[in-house]
Amino acid sequence: MGGGHGGSTTYKGLTLHHPKRWHVVTGKGLCAVMWFWVLYRAKQDGPVVLGWRHPWEGHDGHSHGHGDKH
């Protein structure tokens with residue numbers, strides 16, 4: 001089914017085919033995007049997740065025109 005193109009490695013009866021270059025490059029690129037996203041979210045939400053501050057703290061300057069009625 002996989003065809004005979006490209007190299008492969010057989011170990012204890014299991015044949016593993018080597019991935020194509022675009023698979024390797026795409027996988028590494030998506031892995032980098034994932035880790036950048038995880039680290040960005042950790043920077044943004046880390047103190048809340050770790051319990052160092054409450055989610056509603058730090059929004060004092062963003063009243064959005066509500067005034068003091070709330």
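**View 1. V38 and its share of a nonpolar surface patch.** A residue is called partly exposed when its relative accessible area falls between the buried limit, under 20%, and the exposed limit, over 50%. In this predicted model, V38 has a relative accessible area of 37%, so V38 counts as partly exposed. V38 is part of helix α1, which covers residues 21–49. Zoom out a little and V38 turns up in a nonpolar patch on the surface, together with M34, W35 and L39. Between them, these four residues put about 400 Å² of accessible area on show.

**View 2. The hairpin of β1 and β2.** Here strand β1 (residues 8–11) runs antiparallel to strand β2 (residues 14–17). Four bridges hold the pairing on paper. Look across from T9 and you'll find L16 of β2 standing opposite. Two residues sit between the strands of this hairpin, and K12 takes a positive phi near 50°. As a reading aid for the side chains: in a regular strand they alternate between the two faces of the sheet.

**View 3. The bend in helix α1.** Follow α1 along to K43 and you hit a kink of about 50°. The proline P47 comes shortly after that kink. Past the end of α1 there is G51, with a positive phi near 85°.

**View 4. P55 and D45.** P55 belongs to the segment after α1. Is P55 buried, partly exposed or exposed? Its relative accessibility is 47%, so P55 is partly exposed. Take D45 as the other end of a C-alpha to C-alpha distance and P55 lies 8.6 Å away, with the two residues ten apart in sequence.

**View 5. The whole chain, for orientation.** Along the sequence the pattern reads β-β-α, from two strands and one helix. How much of the protein is buried? Just 1% of its 70 residues. The protein exposes about 7000 Å², and carbon and sulfur atoms account for 63% of that area.

**View 6. Confidence along the model.** Averaged over the protein, pLDDT comes to 83, and 73% of the residues score at least 70. Which element has the highest mean pLDDT, and which the lowest? Helix α1 comes out highest at 94, while β1 is lowest among the elements at 90. One caution for anyone pulling coordinates: where pLDDT is low, the predicted positions should not be read in detail.

Terms used
Residues numbered from 1 in each chain as written. Predicted model: local features only at pLDDT ≥ 70, side-chain atom pairs only at ≥ 80, totals over all residues. Heavy atoms only, no water. Patch = residues over 30% accessible without salt bridge, like charges linked within 9 Å, V, L, I, M, F, W, Y side chains within 5 Å. Areas by Shrake-Rupley, 256 points an atom, 1.4 Å probe, with all protein chains shown as cover. Salt bridge = Lys/Arg side-chain N within 4 Å of Asp/Glu carboxyl O. Buried < 20%, exposed > 50% of the residue type's maximum accessible area, 1.4 Å probe, protein only. Pairing = 2+ DSSP bridges. Bend = angle between axes of the 7 residues up to and from the residue. pLDDT = per-residue confidence, 0-100.
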